[in-house]
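Trainee: I should be grateful for a close look at the main pocket of this protein and at the parts of the chain that surround it. Please build the account step by step.

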Amino acid sequence: MKTFMLLLSLCCFSTSAMDWNIQKLTPGTAFRGSAVLDGVAWVTGSDNSVYISKDGGNSWLDISVKGFPLTDLRDIEVFDVNTAIVMGAGQGGLSKLYVTENQGLSWQLLFDNPDELGFFNSIAFWDRNNGLLLGDPIGGGYVILRTADGGKTWQRIAKDSLPSLLDKEVAFAASGNTLIVDKRGKAWFTSGGYSSSAYSSADSGSHWRRHPVALYDDTQTAGGYALAFNALGDLFVLGGDYQQRDKHDANLVYRRGYVWHKAPGTTPGLRTAMACYEETCIASGKLSTDISHDHGYSWQPLLINGETQGFFTLAIDGNTLVAGGHGGRVAVYTFK
């Protein structure tokens, strides 16, 4: 029996390793938004920071938003190699959208938060024209804005189209993954604050339903932080508590069919991003990273370049993964 338990323990705590192309850009920058499309990797972060790499992460070009007030760019939507929208997060006027149509040579203000109490959390687009923006609750309900003209104008979804707020419920702007969409007019966002929920819409954001999820949510700063899909289309909700980033508790669940499951094997800590290539999935947070070889149904710790490392944000296109983290760290990995 002792031999069996030892083997089981070794199995449960086994570790994988990968070599990523990691660079350190500006040491004081936290990168929380990421995207990759047609071989161009993008990361966004604090103080209007935007960088791109066209060579697999070997070099990065500073295309930051210049000439505008500084804010924390926590999400990005890329439409082609030249066109992208970045989202600033912060109270009132710090929440803004900027757009470039020339790969960052210049930026224009696209949308300015009209509410001094507002706070943008995440954006997501189905196509170049149609998208959603998620903001903190105002007037007793989440601010969900919808655009049909590429972000030039936005209309708020009626509050009565969403379930009533739970007590102390909040959304987090951790990695640009709080709100996600797919190609069929469906959308999801996640929330926390003494509760953990995933909200879903099947009609392009016009109406929403709440689904309770079993993440750690014992504090105001805990709950759902990010959403992702595996290659099979299963929905994953990631979370934890940013004030207890290394807490060992439920930080990842997934829905298969209509049933929610806890995924075994994740290491302790807040998870704010996940990306999948075929059956391989990566989940990460500031302190550490996990890997799954079975579509996210079980996990083990991942060493990156021989070390325990974590990132705030992940994005993938084809077989190219891009990551952004604290201390100005960015990374690119190409799956073989």
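Mentor: A strand here is a DSSP run of E with at least two residues, and strands are numbered from the N terminus. In that numbering, alanine 124 belongs to strand S11. The model is a predicted one.

Alanine 124 has a relative accessible area of 5%, and because buried means under 20%, alanine 124 counts as buried. The C-alpha atom of alanine 124 is separated by 20 Å from that of lysine 159, 35 residues apart along the chain. Strand S11 (120–125) also leads to the pocket, as at least two residues of the pocket lining come from this strand.

The largest pocket has a volume of about 1,500 Å³. It is lined by 47 residues, of which Ile180, Val181, Asp182, Phe229 and Ile316 are the closest to its centre. Besides S11, the strands that each supply at least two lining residues are S3 (31–37), S7 (72–78), S15 (179–181), S19 (222–229), S23 (273–277) and S28 (313–317). Strand S28 gives the most, with five residues. In chemical character, the lining divides into 26 nonpolar, nine polar and twelve charged residues.

The chain that carries this pocket has one helix and 30 strands. Its C-alpha atoms fill a box of roughly 65 × 45 × 35 Å along the principal axes. For 336 residues, a compact globule would have a radius of gyration near 20 Å, and the 19 Å of the chain agrees with this. Of the 336 residues, 59% count as buried.

Aromatic contacts come next. The structure holds 18 aromatic pairs. One of them joins phenylalanine 189 and tyrosine 199, whose ring centres are 4.4 Å apart and whose planes meet at 5°, so the pair is stacked. Phenylalanine 189 lies in strand S16 (residues 187–191) and tyrosine 199 in strand S17, so the pair ties together parts that are ten residues apart in sequence. Both phenylalanine 189 and tyrosine 199 are buried. An edge-to-face pair is formed by tyrosine 333 and phenylalanine 335, with 5.0 Å centre to centre and 90° between the planes. Tyrosine 333 and phenylalanine 335 are both buried as well, and they belong to one aromatic cluster together with Trp20, Tyr277 and Phe311.

Two arginines are placed over aromatic rings. Arginine 32 lies over the face of phenylalanine 312, at 3.8 Å from the ring centre. The charged end of arginine 128 sits over the ring of phenylalanine 79, 4.6 Å from the centre of that ring.

The backbone offers a last point of detail. Most residues other than glycine have a negative phi. Serine 204, although not a glycine, has a positive phi of about 60°. Serine 204 is found in the loop between strand S17 (197–201) and strand S18 (209–212), and with 28% relative accessibility it counts as partly exposed. Histidine 295 is likewise not a glycine and has a positive phi, of about 70°. The loop that holds histidine 295 runs between strand S25 (289–292) and strand S26 (300–304).

Technical notes:
Residues are numbered from 1 along each chain as its sequence is written. This is a predicted model: local features need pLDDT of at least 70, side-chain atom pairs count only at pLDDT 80 or more; totals for chains, interfaces and linings use all residues. Side-chain values use heavy atoms; hydrogens and water are left out. Helices (H or I, at least four residues) and strands (E, at least two) are DSSP runs, numbered from the N terminus. Buried means under 20% relative accessible area, exposed over 50%, partly exposed in between (1.4 Å probe, protein chains only). Rings of Phe, Tyr and Trp (its six-membered ring) pair if their centres lie within 6.5 Å; planes under 30 degrees apart count as stacked, over 60 as edge-to-face and the rest as tilted. A charge sits over a ring if NZ of Lys or CZ of Arg is within 6 Å of the ring centre and within 35 degrees of the ring normal. On a 1 Å grid over the protein atoms alone, a cavity is a set of points where a 1.4 Å probe fits but cannot get out, and a pocket is an open set with protein on both sides within 12 Å along at least five of seven lines; lining residues have an atom within 4 Å of a point. Grid points are joined across faces, edges and corners, and a volume is the space filled by probe spheres set on the points. Ala, Val, Leu, Ile, Met, Phe, Trp, Tyr, Cys and Pro count as nonpolar, Asp, Glu, Lys and Arg as charged, and the others, Gly among them, as polar. The radius of gyration is taken over C-alpha atoms; the globule rule is 2.2 Å times the number of residues to the power 0.38.
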